[in-house]
Structure formats: C-alpha cells, structure tokens
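Colleague: I have a model open here and would like to talk it through with you. Could we start with burial and then move to the rings?

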Amino acid sequence: MHGTVFPPLEIGEVLSTVHFLEILSAIFLILTVLNRLLPHIVSASLMKGLAVLGGIIVSWELISFYEIINPVLLPPPSRVVSLMAHLWSIGFLQTQIYSTVYKITYAFTLALVSGVTIGIMISYFSNTFSFLESFLNAIRVVPAPAWLALAILWFGIGHASAIFIIWLGIFFPILLSAVAGVAKVEQVQVETVLTFGGDKYDVLLEVVLPVIYHHVLTGARIGIGIGWITVVTAELVSVSANSGLGWMINDSRILLDITTVMVGMFLIGFLGIVSDAIINRFEGLVPGWD
Amino acid sequence: MAALVAVMIVVTVLRASSQDLVGAKFYRVLMAWLIFFVFAEGTIYYGVFKSILLAPPTAVIHRAMFYLEKGYLQINIASTMFRFISGFFIALTLAAPLGLLFGVYDKAYEWIAPASNFLRMTPPPAILPFAIIMFGIGEAPAVFVITVGCFFPIFLATMRGVREVETIHKEVVQTMGGDQMDVLKHVILPSALPSVMTGVRIGFGIGWLVLVASEIVAADSGLGFMIQGGRMRLDTPTVFVGMATICILGLTMDMFLKQLEKYVTVRKKGGGEYIYY
C-alpha cells in the first residue's frame with residue numbers, strides 16, 4: 001500500500017522553463033547587489049561557488065527541456081521546485097520532515113548522553129569497566145545498518161527500531177572521541193587539582209569534562225553524518241511505520257515518481273547541512289584548557 | 001557449553017599457577033566473553049529469551065558451518081567484496097587526483113565548494129533510489145553509491161594534505177633548480193601521503209556502512225541481502241552469521257589499512273592520527 005498518492009500537479013502549477021530561468025536570474029541579480037552592498041555576508045568566494053551551482057542548475061534544466069536525457073528519468077529542477085512547493089502547501093512535506101528530524105534528534109540525544117557516560121566509564125574509570133571495551137569493539141565493527149534485522153526483531157516495526165540503529169551509528173564516534181579526549185588530559189592539570197585537595201570526581205568535573213568537550217564535538221559532527229546515513233537506510237526499508245523522508249523517496253521510486261525522489265534527496269542534503277552548522281555553533285561555547 | 005566451562009576452568013587454573021602466562025587484562029576480557037557466551041546459550045536453552053530474538057551461539061556456529069559446506073556463504077562474501085572493492089577503487093582513482101588538483105590550485109576550489117558541500121552532506125543511501133532508477137537493480141547502483149560514500153573523505157583529506165605542505169620545502173626544491181614536476185614528486189606527494197591514508201581509512205569506514213545499507217535495500221546477493229533474507233524468514237541464526245562475517249571482514253581490512261598507514265606515515269612525526277571508526 002502506498003501512501004504517497006497526491007493529487008497530480010496541474011499544468012498551471014508547474015513552473016515553465018522560461019519562468020524558472022527568469023526567477024533564477026532574478027535571484028542571481030539580487031545576490032550580486034547584496035555582494036556589492038554587504039560584502040562580509042555575501043562574500044566574493046561564495047558568489048563564485050553559487051555561480052557554478054547556478055550554472056549546473058541551468059544546464060540541467062536545459063538538458064531536460066531539450067529532452068537530451070529522458071525527463072521522466074531526470075526531471076527538470078523547475079518541476080522539482082514546483083512539486084516541493086506543492087507538497088509543502090498540502091502539509092505532506094512537513095509531516096515527513098518532522099518524522100525524520102524527530103528520530104535523528106531523539107537518537108542523537110541518547111547517543112550523546114550514553115556515549116559520553118560510557119566513554120568516561122571505560123577510560124577514566126578504566127580499572128572497573130575496561131572489560132566493556134572488547135564488547136563495544138565487537139559491536140562497533142558491525143556497521144549500524146547490519147543491526148537493522150535484529151532491531152526489527154527486538155523492537156518491532158516502528159520508531160523504536162529506527163531510533164536504535166541511528167543511536168548505534170552516532171554512539172560510537174562520540175564514544176571514541178570521548179575516550180580519545182580523556183587520553184589527551186594533561187597530567188599537570190590533574191595533579192594541580194589533587195594538590196589542592198580535590199578528589200577523583202573534582203578532577204572529572206574541573207579538568208576532564210572541559211577537555212573532552214571539544215573532542216566530543218568532533219565526534220558529534222562525524223556522528224551526525226553517520227546518523228543521516230542510518231536514518232535514511234532505516235526509512236528506505238520502511239522500518240518506522242511508513243513515515244519520513246527516506247520512506248517518501250523509496251515509495252515514490254517504486255511509483256517511478258522521480259520528481260518526489262529528487263525533492264527528498266535535496267531536503268535531506270539541506271537538513272544535513274543545517275544540522276552540521278548547528279553543531280558547529282557549539283564549538284566556541286566552552287573555553288578549552290589549551 | 002561444557003567446552004566453554006572447561007576453557008574457563010583451564011584458564012583460571014593457568015592463571016592461578018602462573019601470573020605471567022595469562023595477563024590480568026587478557027584474563028578479564030576472555031572471562032567476560034566466556035561468561036557472555038554461557039549466559040546467551042543458557043538463557044535461550046532454558047527459555048528465558050525466545051530463540052527467535054537471540055540465536056544461541058551453537059546454532060550460529062552450526063548454521064555458519066552448513067553455509068560454508070554448501071558454498072552459500074562464499075558466494076555472498078565474493079559478491080559483497082566485489083562491490084566494495086570496485087566502488088572503493090573507483091573512488092580512490094577519482095578522488096586522489098582531484099584532491100591533488102584542487103589542493104595545488106586552491107583558488108579553484110572556491111568555485112566548486114557549495115556544490116561539493118551539498119553533495120557531501122547528502123547521505124549516499126538517499127541517492128540509492130535515484131541510482132536504482134538510473135542503473136537498474138544489480139551491481140551498478142550499489143557500486144555507484146559506495147563510490148559516492150568513499151569519494152568525499154578521500155577527496156577532502158587529499159586536498160587538506162596538499163595544502164598543508166610546508167612552503168619552505170617547496171622553495172628548497174625550486175632553489176635547487178627543480179621545476180613543478182620535481183616539487184610534485186619530491187615534496188607534495190610524500191608530504192600529502194599520510195593525510196591521504198587518513199582519508200582512505202575514513203572512506204573505508206563510510207563505504208563499508210553504505211555497502212551494507214545498499215545491500216539491504218537493493219541487491220540480490222551479498223551479506224546484507226543474506227541478513228535481510230534471514231530476517232524475513234525469522235531465521236535469526238542466519239542474521240547472526242551475516243553480522244559476524246561482516247564484522248570479521250571489516251576488522252581484517254581495517255587492520256590491513258592500519259598496517260599500511262603505519263608503513264606510510266613512518267616518516268612523519270606524530271603520524272597515524274586517531275580515527276573515530
């Protein structure tokens with residue numbers, strides 16, 4: 001059963017190629033003006049990159065327009081943009097975006113908490129918990145999508161099994177970065193705290209946590225990339241109750257509706273860039289020791 | 001099961017007799033694993049967990065033996081490895097020269113940066129349905145997606161490596177009368193190589209992940225396909241055989257790459273950076 005049966009686009013709702021090219025050149029003109037007025041926001045190097053991107057989009061539009069490649073297989077960007085606006089206006093797109101973002105945020109939060117906790121356990125309290133390491137290594141080398149089958153058996157079809165494998169994907173980069181961070185702690189700083197009468201937990205709070213903060217951020221950035229890979233995989237196999245951008249992509253592929261496939265691909269890429277930028281924002285928040 | 005308990009007793013006796021023969025860490029790790037196996041086997045035997053949810057280790061070993069005998073496991077390993085290696089090498093042959101090019105002419109990278117960032121942040125499995133439509137079900141979409149997955153880590157690492165080459169080293173060669181090719185051959189390539197190796201290892205990790213994902217979604221052979229088939233038949237031992245094989249193959253290749261990296265980075269101080277995979 002397919003859920004993505006929308007009312008088809010009316011002829012009037014699809015942007016014509018001429019219209020699309022006009023809008024593109026208008027955007028480019030506005031950007032050029034902005035580049036002159038506010039050079040620190042719209043920089044010259046950004047303009048160069050956007051020019052190439054614009055060139056790619058225009059040539060893609062023309063390829064589809066002159067039917068050099070079958071436009072059913074490679075729909076023109078004008079059609080993709082129109083469909084995106086259409087799906088947004090009927091509220092379908094928001095539902096899928098919410099479902100995907102919900103899953104990855106849930107899993108990311110879980111992974112952050114558990115990754116940092118277990119990372120500190122097996123490195124800082126290594127006397128007690130070092131035996132966990134070999135188990136974790138064995139789990140780590142099996143890539144997250146391979147756990148999909150077991151996750152479905154354990155948690156059933158639904159959000160839980162999807163969140164489980166996304167968590168697995170994000171967990172290990174964060175865990176390893178926390179372990180690497182603990183290894184980089186300067187002995188002098190530890191001894192300073194101990195000299196002033198602090199105990200092991202003071203060292204943990206005052207020295208270890210600020211040091212691993214930056215390492216964990218690196219791990220989180222790698223982790224969110226892997227998280228996007230696993231969330232899409234989980235949704236492609238429609239683990240999680242037929243919702244999410246990945247499901248939308250796969251469902252429209254089966255219907256040979258490539259335009260929707262493209263809408264999904266671009267949205268996932270865009271959300272990936274946004275999530276990466278958000279994590280980047282946390283970089284300067286805690287001053288490091290060095 | 002009796003064999004496992006016997007091993008536990010023998011190791012404990014050995015450790016009691018001489019501390020040097022069996023190290024403390026080795027002992028603890030081995031014991032943890034043995035207790036885990038005994039636990040897994042016992043709980044399923046006495047019906048604490050359903051055997052569908054967690055296959056007993058003996059059943060997994062029996063199933064693996066059966067598949068090895070029939071040649072089913074070998075066929076799937078072969079097709080998985082074929083896909084992975086071809087995708088990986090296509091990515092390497094494209095990414096390393098391109099990274100070198102954009103590293104040397106770093107003004108040129110400004111032009112393609114937004115386009116490349118956008119492609120980089122699109123997860124490869126999201127491209128998979130599109131690749132299936134373009135190339136059809138079979139080897140090509142999987143290889144394509146693995147290539148995309150491996151490409152960007154190698155490309156970016158190569159570019160960074162080439163940019164971080166010390167200017168003074170280049171100038172030394174130029175002062176001695178060397179031309180561009182000499183700089184490339186004697187300075188840029190040797191100094192960028194460790195960075196390329198880092199990229200290769202990261203790309204390997206991502207490629208391996210994407211490979212399994214693409215085999216689960218769209219393939220008619222391979223280890224991911226085997227896992228997916230096992231799941232559909234509620235045949236949990238097969239799922240575990242597939243996962244264990246993926247684990248062993250991944251570990252072996254990663255160890256090989258680690259050795260290669262050590263060999264390559266021997267000249268660089270502080271080489272062999274930590275990789276989060």
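Modeller: Before any figure, a definition: a residue counts as buried when its relative accessible area is under 20%, and as exposed when that area is over 50%. Please keep in mind that this is a predicted model.

Colleague: OK, so what share of the 277 residues in chain B is buried?

Modeller: Buried residues make up 48% of chain B, while the chain exposes about 14,300 Å², of which carbon and sulfur atoms supply 70%.

Colleague: And what's the secondary structure of chain B?

Modeller: Chain B has eleven helices and zero strands, and its radius of gyration is 24 Å, where a compact globule of 277 residues would have one near 19 Å. The C-alpha atoms of chain B fill a box of roughly 75 × 60 × 30 Å along the principal axes.

Colleague: Switching to rings, how many aromatic pairs are there over all chains?

Modeller: The count comes to 25. One of them joins A:Y102 and A:Y106, whose ring centres lie 5.8 Å apart with the planes at 80°, so this pair is edge-to-face. Both residues belong to helix α4 of chain A, four residues apart, which is about one turn of the helix.

Colleague: Why does A:Y102 count as partly exposed?

Modeller: Because its relative accessibility is 32%, which lies between the limits of 20% and 50%; A:Y106 is also partly exposed, at 40%.

Colleague: What about B:Y109 and B:F155, how is that pair classed?

Modeller: That pair is tilted, because the planes stand at 50° with the ring centres 6.4 Å apart. It links helix α5 to helix α7 of chain B across 46 residues, and both B:Y109 and B:F155 are buried.

Notes: Residues are numbered from 1 along each chain as its sequence is written. Chains are lettered from A and ligands numbered from 1 in the order in which they are written. This is a predicted model: local features need pLDDT of at least 70, side-chain atom pairs count only at pLDDT 80 or more; totals for chains, interfaces and linings use all residues. Side-chain values use heavy atoms; hydrogens and water are left out. Helices (H or I, at least four residues) and strands (E, at least two) are DSSP runs, numbered from the N terminus. The radius of gyration is taken over C-alpha atoms; the globule rule is 2.2 Å times the number of residues to the power 0.38. Buried means under 20% relative accessible area, exposed over 50%, partly exposed in between (1.4 Å probe, protein chains only). Accessible areas come from the Shrake-Rupley method with a 1.4 Å probe; for residues, only the protein chains shown count as cover. Rings of Phe, Tyr and Trp (its six-membered ring) pair if their centres lie within 6.5 Å; planes under 30 degrees apart count as stacked, over 60 as edge-to-face and the rest as tilted.
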